[in-house]
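Q: Hi! Could you walk me through this structure? I'm new to this, so plain words please.

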Amino acid sequence: MTLAGTLAACSDGTGDSTSGREIGYDQELPEAWVGPPGTSREEYNDSPEQPFQDVVTSPLSTFASDVDTASYSNMRRQLRQGVAPQGVRIEELVNYFDYDYPAPDPDADVPFTVTTQVAAAPWAPGHQLAMIGVQATQARPTTRGNNVVFLLDVSGSMSDPNKLPLLAESFALLVEQLDADDTVSIVTYAGSDEVLASGVPGDRHDELVQTLRSLRAGGSTGGARGLQTAYELATEHFVEGGNNRVVLATDGDFNVGPSTPAELTELIEEHARSGVYVSVLGFGMGNLKDSTMEAIADHGNGNYAYVDTLDEARKVLVDEFDATMFVVAQDLKVQVELNPATVGRYRLLGYDNRRLEDEEFADDTKDAGDVGAGHSVTAFYELVPHGEGAPGADLTYQDVRIGTSTDFFTVHVRYKQPGAAESTEVVVVAGADAWTDRPSADFLFASAVAEFGLAVTRSEHAGDADPRRARGRAAAALGEDRYGLRAEFVELVDRYQEIAA
């Protein structure tokens, strides 16, 4: 984790005031920020990708679930700017979209289903591609109220049209989802933190929206006590058995003042254990500290989304309100056991900073990703069939006996009920019947997104991954596409090819 480098103190000269309420804004928001990028001080944590593993010597692959989507919308912003994408995480591209996985019954003991499908790998002749989908229940885990604290960055660096103005209108959409059973607190931070609302009933929409639209940007990015104050308010108005959450909105230039990165991490994890979670919304460009925001969300049992347009805010805060706010499966980990009788080598696509040691799978003290109501988690494995040059098949010091099973792999999933200390394991076998010559539309589209991610990141293991082929497959698998997001992806591939040319 690179918290030490990304949480360094810094300031921005956009405003002269040390207060966070100086520069007003015009509420005519751009549909998308398409102007040329300025001098970039953006920071990304690009973890090394996983190479192919030999099943005989490494039969287990273990990772934490990831429902973040920030990488996709940030990539969209970069492509619209006309620049090559940075900080692309393949799993976040794939998980940005909805897939038609079967959902569990509302009263099911297990709050998710596991679906598997194996087909030919489009970018690697002779290889196979395995798709694993975990679909969470749509049922909320509680009917008790929301206790939400908005922690808003109003420093000088937030004065651009795609930062504070977009932030205010985005949170106005969130406010409209709340009612009298909910409470809202608002904390701003710039040179210092300021409490603008404390425990306001959620149905006082006009009052809360007026407060949001009165925000002004100015001053350095201080906020030494901003996060602590937000947690104090969340604790003061804590709803037992309800949803208690801090929603941090910033460009990521988050100066924690005198606190060290270790102290910040300890603070976030301490409150996560107490039942106060943190979600992060990123805004803006040129100053985006993607690595910081992802780390905060990961440590805070939350999620991380990047908001580049008001439509994206509506997707995250309205259309996916339950998924963003209500955790149904906590610390969800996946461990895939590959069968050496059918698979010689394999590699997990993406999840590069979410990989776990195999022994951490059963360690209930090891933090992992949380899954919200209605969320789905998708992972792809590229498989090299058994017998095609697996380097571990001829070992010097051990005699490995390979069985005759025709299974591809077994999926083990561990999770905790929200607030529980001990996990439960679910096991699903991907047998020979997981193979198909006619993969589903979801498989075709999601694999196109993954192939595009391999090309954009210039993966060392991309085979002949081709954006043009990915585009064709995606365009043929749009499906219902209720919100037009799949069609938008096809347009982004076109934009990428223009830039690459």
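**A buried ring and what surrounds the topic**

A: Happy to! This is a predicted model, and a good place to start is Phe326, which counts as buried because its relative accessibility is 2%.

Q: What's the cut-off for buried?

A: Buried means under 20% relative accessible area, so Phe326 at 2% qualifies.

Q: Which aromatic residue does Phe326 pair with, then?

A: First, the count of aromatic pairs comes to 15. In one of them, Phe326 pairs with Phe321 in an edge-to-face arrangement, with 6.3 Å from centre to centre and 70 degrees between the planes.

Q: Is Phe321 buried or exposed?

A: Phe321 counts as buried because its relative accessibility is 6%.

Q: Nice. How are Tyr99 and Tyr101 arranged as a pair?

A: Back in the count of 15 aromatic pairs, the pair of Tyr99 and Tyr101 is tilted, with 50 degrees between the planes and 5.9 Å centre to centre. Tyr99 and Tyr101 are both buried.

Q: Which residues do ring pairs link into a cluster?

A: Tyr72, Tyr96, Phe97, Phe445, Phe452, Phe489 and Tyr496 are joined into a cluster by ring pairs.

Q: Okay, switching to helices. How do α11 and α12 sit against each other?

A: Helix α11 covers residues 441–456 and helix α12 covers residues 467–475; their axes come within 8 Å and cross at roughly 160 degrees. That angle is why α11 is roughly antiparallel to α12. The crossing of these two helices, α11 and α12, is left-handed.

Q: Which residues meet there?

A: From α11 you have Leu444, Phe445, Ser447, Ala448, Glu451, Phe452 and Ala455, and they meet Pro467, Arg469, Ala470, Arg473 and Ala474 of α12. In this contact of α11 with α12, eight residues are nonpolar, one is polar and three are charged.

Q: And what about α11 with α13, at what angle do they pack?

A: Helix α13 (residues 485–500) packs with α11 at an angle of about 25 degrees, and the axes are 12 Å apart. The two helices, α11 and α13, are therefore roughly parallel to each other. Here too we can name the handedness: α11 passes α13 in a left-handed crossing.

Q: Which residues of α11 and α13 meet?

A: On the α11 side they are Ala441, Asp442, Phe445, Ala448, Val449, Phe452, Ala455 and Val456, while α13 brings Arg486, Phe489, Val493 and Tyr496. The contact of α11 with α13 has ten nonpolar residues, no polar ones and two charged ones. You may recognise some names from the ring cluster, including Phe445, Phe452, Phe489 and Tyr496.

Q: Where is Leu454, and how accessible is it?

A: Leu454 lies in helix α11. Leu454 counts as buried because its relative accessibility is 0%.

Q: What does Leu454 touch?

A: Setting aside neighbours within four places in sequence, Leu454 is in contact with Ile90, Trp123, Arg347, Leu349, Ser459, Ala462 and Ala465. Take Trp123: Leu454 and Trp123 are 331 residues apart along the chain, yet their C-alpha atoms are separated by 9.7 Å.

Q: Last one! Where is Ser192?

A: Ser192 is in the loop between β6 (183–189) and β7 (193–201). Ser192 counts as partly exposed because its relative accessibility is 46%.

Q: How far is Ser192 from Arg225?

A: In sequence Ser192 and Arg225 are 33 residues apart, and in space they are 7.5 Å apart, C-alpha to C-alpha.

Note on methods:
Residues are numbered from 1 along each chain as its sequence is written. This is a predicted model: local features need pLDDT of at least 70, side-chain atom pairs count only at pLDDT 80 or more; totals for chains, interfaces and linings use all residues. Side-chain values use heavy atoms; hydrogens and water are left out. Axes are lines fitted to C-alpha atoms, for helices over the stretch in contact, and angles run from 0 to 180 degrees between N-to-C directions. Helices (H or I, at least four residues) and strands (E, at least two) are DSSP runs, numbered from the N terminus. Angles under 35 degrees count as roughly parallel, over 145 as roughly antiparallel, 65 to 115 as roughly perpendicular and the rest as oblique. A crossing is left-handed if the near helix is turned anticlockwise from the far one by less than a right angle, and right-handed if clockwise. Contact means heavy atoms within 4.5 Å. Ala, Val, Leu, Ile, Met, Phe, Trp, Tyr, Cys and Pro count as nonpolar, Asp, Glu, Lys and Arg as charged, and the others, Gly among them, as polar. Rings of Phe, Tyr and Trp (its six-membered ring) pair if their centres lie within 6.5 Å; planes under 30 degrees apart count as stacked, over 60 as edge-to-face and the rest as tilted. Buried means under 20% relative accessible area, exposed over 50%, partly exposed in between (1.4 Å probe, protein chains only).
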